[in-house]
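Thank you all for coming. I would like to take a few minutes to walk through one protein model, going from the overall picture to the cysteines.

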Amino acid sequence: MRSPKNDADVALRTDAYFLKTQAIVEATGDCRVTYAVFLRTDCIVAVDRAIDLVTDLYPADAPFPLEIRREVPEGTLLGSGRPLFYMTGSMAALSPIETLLLQRIGFACVSAMNAFTMSLAMPRTTYIAMEARHATGDDMHLACSYGASVGSRTARLMGATGFIGTSTAIAAPMFGAAQGLGTMPHSLIGYAKARILARGGDPERENATLEAAKLYAAQFPDEQTYTVLVDYEGREITDALAVCRWFYDEAKLDERGKQLAFRIDTHAGRHLEGMDWNDSVRTLLRWTHKETPGEVLKLALQGFGIDDLDGMSPDEIRDKALFGTGVTAASIIRFRKMLDDNGFKGPRIVASSGFDVLKCRIFGNLGIPVDVVGTGSFIPGKLSRAQATADIVRYEFPREDGTFQAFDLVKVGREHLLMGGTAKAAQPVDA
């Protein structure tokens with residue numbers, strides 16, 4: 001959606017009842033109002049972009065100047081229901097803007113909270129924001145990317161590496177970068193395999209993943225790190241070792257200062273190559289020095305509260321992150337071990353696929369050796385958690401002498417939002 005530039009653009013996008021309110025107020029007498037803006041969930045404050053929008057849209061000829069009173073700095077952890085900021089100005093001017101303001105707060109602040117939590121869960125892991133393909137367009141993508149950058153910035157103050165970039169150029173500046181990050185999708189390996197078939201080759205003998213890696217290196221010779229996706233053929237270990245032999249022994253790219261990494265994105269329909277449930281259990285028992293899968297699960301969920309499980313059962317958690325199919329803790333450990341056992345300790349591991357807050361915390365609790373996580377799962381999973389709200393908490397009518405007759409008013413149940421902290425609404429205040 002393109003950004004609104006004028007009153008007509010705003011009118012097309014705001015709720016009708018705000019336009020009707022604007023018409024009534026303009027006809028019967030404008031007043032100065034103060035809004036309290038808040039979320040009904042814990043969050044990291046990420047509202048700069050929303051405030052910039054209001055500042056841009058607020059009419060220069062409004063009878064009262066726009067004032068923003070921030071309660072806490074950007075990047076602050078804020079409890080549920082506490083005001084993010086107070087906004088004061090003309091009721092007629094601000095009413096139509098309210099909808100557009102709230103659209104730009106919830107997703108950013110909840111994404112910031114999720115990115116913050118994920119970053120602290122695996123503090124030595126580098127994160128790349130990859131939510132663009134899951135967003136509905138630029139507005140959502142930029143709101144969520146901005147939130148991830150703010151949450152990550154707060155996490156870095158606590159020693160985490162956090163998010164260093166995103167997959168798109170449009171959001172890259174939010175992370176201090178000029179371009180999007182990323183190397184190859186599955187389609188590039190499919191393309192490489194199609195090329196092998198087109199020239200009459202045998203894809204069982206000519207490795208398509210290796211072919212894609214060679215194509216990539218030839219096209220982008222100046223890049224420092226080559227990250228190769230290895231799950232296309234279902235041969236994560238076999239294909240990774242083939243790429244390693246080419247990279248280190250044949251092309252000797254490491255001697256030219258290049259770094260090799262592997263991205264594992266095994267889908268939830270199968271285990272990592274050579275593994276099954278029992279292999280996964282044995283792998284994690286050895287890794288954690290535990291005797292039963294239940295003890296591993298207990299360690300994985302250390303520090304979790306019941307609300308942190310998002311309604312998932314122990315069986316579902318074991319499937320999602322520990323012993324099941326897809327990219328699990330066991331699969332990463334096995335992959336790392338196979339590289340090391342074959343003498344390739346240099347490649348880094350990039351993990352993707354379902355890395356939300358829960359999965360990152362589990363990997364962090366178990367110390368799973370992931371160097372980079374590519375994820376878009378910091379996007380709010382429950383829309384109800386990402387809904388920002390604004391209530392007018394003060395109405396001020398201008399007097400002829402330039403002062404204001406002011407009243408602190410708010411609907412029942414929201415008295416805690418009043419600027420004086422009092423529960424006595426409908427009382428006149430000095431202004």
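What follows is a short tour of this model, beginning with confidence and ending with the question of disulfides.

Please keep in mind that this is a predicted model, and that the protein has an average pLDDT of 93, with 96% of the residues scoring at least 70. One stretch to treat with care is residues 422-426, where pLDDT stays under 50 and where the model has eight contacts beyond four places in sequence.

Turning to the overall build, the protein contains 15 helices and 14 strands, and its C-alpha atoms fill a box of roughly 90 × 50 × 35 Å along the principal axes. Of the 431 residues, 52% are buried, while the area that the protein exposes comes to about 19900 Å², with carbon and sulfur atoms supplying 51% of it. If we take the contacts between residues at least 6 apart in sequence, 72% of them join residues at least 24 apart. As for charge, there are 47 positive and 54 negative charges, and their mean positions lie 4 Å apart.

Now to the cysteines: how many disulfides does a search of the whole structure find? The search finds zero. For Cys43, the reason is one of distance, because the closest cysteine sulfur, in Cys109, is 4.6 Å away, which is too far for a bond, given that a disulfide needs the two sulfur atoms within 2.5 Å. Cys43 is itself buried, having a relative accessible area of 1%, and Cys244 also counts as buried, at 0% relative accessibility.

Note on methods. Residues are numbered from 1 along each chain as its sequence is written. This is a predicted model: local features need pLDDT of at least 70, side-chain atom pairs count only at pLDDT 80 or more; totals for chains, interfaces and linings use all residues. Side-chain values use heavy atoms; hydrogens and water are left out. pLDDT is the predictor's confidence in each residue, from 0 to 100. Contact means heavy atoms within 4.5 Å. Helices (H or I, at least four residues) and strands (E, at least two) are DSSP runs, numbered from the N terminus. Buried means under 20% relative accessible area, exposed over 50%, partly exposed in between (1.4 Å probe, protein chains only). Accessible areas come from the Shrake-Rupley method with a 1.4 Å probe; for residues, only the protein chains shown count as cover. Lys and Arg count as positive and Asp and Glu as negative; His and the chain ends are not counted. The place of a charge is taken as NZ of Lys, CZ of Arg, CG of Asp or CD of Glu.
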